[in-house]
Amino acid sequence: MKIKKLTILILLASTAQFIVSCCDCVEPQNFEYTYDNFIARNIDNSGIDPIIAVNDSIPKEAYGIRLEFSLKQIIAQANIGFSFSPRAYAWDCFCPPDVQYLPKDTISSIVITTTNDFDNQHPKTSEVTELFKVLSQGKYITINDYTNHPGRIYYDAPVEEIVDVFLITPPEFIGEHSFKIDVTLSDSRVFSFTTKTIYLK
Amino acid sequence: MKYFAIIFTLILSLSISINAKDNYKPIKWVVRPSIGITFPLTKVQGGYITDGLIDVTKKSMYLQYISSTLFIGNFGIEFTYYENKNVSNTDRFNKFVNTVNNKYGDKYFAETSSSSYFQDSEYDNINFGKGGLGPVYKFEKDRWLVIARTLFGVTSITTDWGSTTLKGKGTNEIINIDWNSGKNFKDNVTFNPSLTIGYRIAKRIVLDFDLNYCMYNINYKYIETIKNVNLDETTTNNYYYSNQFKEFSVGFGFMFVLK
């Protein structure tokens, strides 16, 4: 009789554990990443998709700058859960990925300055950030709106982050141009890069 | 083998019935499945880019799953339901994509999508269904049977949505355009006179030939929403469709005399 009761008790405990295991997702193992370096390239958006400029000239209406941030993984937070029954035996669980990469720092601001005379309103060394926009989910948003977004969460080890900014208001006249980009991070670091001189035709 | 068995059964029934004595009672209740072809007599054309998103303009096959008629004397009442499957319409999505490219392709790269893509799939190619109810009158003489009907009902037509993202050739310009009628299905009041000529091949089986005329008003409004992403400006255009649509169907089937 005692054996029968004990068997029922064990069976009940196992069943309960089996059911609860559906909701018993293991906490994802969190890594952190940081912005390590930064370069900027001229892009030609004449075609269906933007490409790195290979020629010395680009149509001024199709000009853009590709911001390439190299990312570095820095910390792993160990998080080991305990369970009698492995999650593999559970029913359809909607658990987050086992590993996620969170930003240690974020981009606080992106400032674009023209190194040549852009137009009458924007002489050499003027800020022209408002003339560029970021394409996000099918619509153009300002660079300021883009930097207000929280940092991205990655589920695979991040290597780089690419942001294309497009010149929405082209210069009135054709000519040679280059742009200095200053990126300020939330930890006060500043990356600067000046694009190659390009002829906007 | 299945078709052979059906044909053999029909021939057997026919031969038995031809030799049988004609002592049929007047029909009181029949059901009538049938199959045939529908020919549109008019076209839905507003001259708009959305013309291809309403599609009742092609020859199609109809399947009448059920038609049930009850008679009191020679008068009766009938309920019928059938669906048109547009078998000649497997590339409607590609045609819509071509229409968009023809209009905008000089200046833009177009990435186009439409629910017609799914309508074209082999799993979901029902374009419109029809249901009707109305009075009928029959003439019976020996093995011959003629039924005239004037049914009223609805024709439910699928209207597809469409959208495209236009990327400027040689520019950063992006324009999003949506076309939507607001409803996936729209019911249209339908007048459906028809005639069936039947021949009794057995006591409870009638081989029949069907002629159908359908008339309904199409009344749609497609809204075209054009959003210039660069300027963050949106404009809309309304495309009105108001046609009287007519179609003619021929088909055949069997009546099963239940009473």
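Reader: Which residues does Ile65(A) touch, leaving aside those up to four places away in sequence?

Author: Happy to start there, and please keep in mind that this is a predicted model. Ile65(A) belongs to strand S4 (63–77) of chain A, and it is among the residues that touch the most other members of the largest nonpolar core. Leaving out residues up to four places away in sequence, its contacts are Ala40(A), Asn42(A), Ile43(A), Val165(A), Phe179(A), Ile181(A) and Thr195(A).

Reader: How many residues are in the largest nonpolar core?

Author: Ile65(A) shares its place among the best-connected members with Ile58(A), Leu67(A), Ile110(A), Phe132(A), Val165(A) and Ile181(A). Apart from this core lies another, of 12 residues, which includes Ile49(B), Leu53(B), Phe93(B) and Tyr222(B). The largest nonpolar core has 34 residues.

Reader: Which strand of chain B supplies at least two residues of that core?

Author: Several strands of chain A supply at least two residues each, including S1 (29–44), S6 (107–114), S7 (132–136) and S11 (179–185). Chain B joins them with a strand covering residues 174–180. That strand is S9 of chain B.

Reader: How many residues of chain A are in contact with chain B?

Author: Let us take the chain B side as well. Of its residues that touch chain A, two are nonpolar, six polar and two charged. These 10 residues of chain B are in contact with chain A residues numbering 13.

Reader: Which strands stand at the edges of the open sheet of three strands in chain A?

Author: The order of this sheet is S3-S13-S10 (chain A), and its pairing is mixed. An edge strand here has a single partner strand, so one side of it is left without a neighbour in the sheet. The strands in that position are S3 (57–58) and S10 (175–177) of chain A.

Reader: What is the bridge partner of Ser57(A) in S13(A)?

Author: S3(A) and S13 (residues 198–200) of chain A run parallel and are joined by two bridges. Within S13(A), the partner of Ser57(A) is Tyr199(A).

Reader: What is phi of Gln137(A), and is the residue buried or exposed?

Author: S7(A) and S8(A) run antiparallel, with four bridges joining them, and Val134(A) stands opposite Ile141(A). The two strands form a hairpin with two residues between them, and Gln137(A) is in the turn. Gln137(A) has 5 other C-beta atoms within 10 Å, so it counts as exposed. Its phi is positive although it is not a glycine, with a value near 50°.

Reader: Where is Asp232(B), and is it buried or exposed?

Author: Asp232(B) also has a positive phi, of about 55°, without being a glycine. Its place is in the loop between strand S11 (205–228) and strand S12 (233–257) of chain B. With 11 other C-beta atoms within 10 Å, Asp232(B) is exposed.

Reader: Which residue in the turn of the hairpin of S8(B) and S9(B) has a positive phi?

Author: Strand S8 (residues 162–168) of chain B runs antiparallel to S9(B), and six bridges join them. In this pair Gly162(B) stands opposite Trp179(B). The hairpin leaves five residues between the strands, and the one in the turn with a positive phi, about 80°, is Gly170(B).

Reader: Which residue of S11(B) stands opposite Asn176(B)?

Author: S9(B) also pairs with S11(B), in the antiparallel sense and over six bridges. Opposite Asn176(B) in S11(B) stands Lys227(B).

Reader: Within what arc do the buried residues of H2(B) fall?

Author: Helix H2 (residues 92–104) of chain B has 13 residues and reaches 19 Å from its first C-alpha to its last, close to the expected 18 Å. Its buried residues include Arg92(B), Phe93(B), Phe96(B), Val97(B) and Val100(B). Seen down the helix axis, the buried residues of H2(B) line one face, because they fall within an arc of 145°.

Reader: What share of the residues counts as buried in chain A, and what share in chain B?

Author: Chain A has two helices and 13 strands, while chain B has three helices and 12 strands. Of the 201 residues of chain A, the buried share is 21%. For the 259 residues of chain B, the buried share is 33%.

Key. Residues numbered from 1 in each chain as written. Chains lettered and ligands numbered in written order. Predicted model: local features only at pLDDT ≥ 70, side-chain atom pairs only at ≥ 80, totals over all residues. Pairing = 2+ DSSP bridges. Core = buried A, V, L, I, M, F, W, Y, C linked by C-beta atoms within 7 Å. Buried ≥ 20, exposed ≤ 12 C-beta atoms within 10 Å, placed from the backbone. Contact = placed C-beta atoms within 7 Å. Nonpolar A, V, L, I, M, F, W, Y, C, P; charged D, E, K, R; others polar. Expected span 1.5 Å × (residues − 1). Arc of directions from axis to C-beta.
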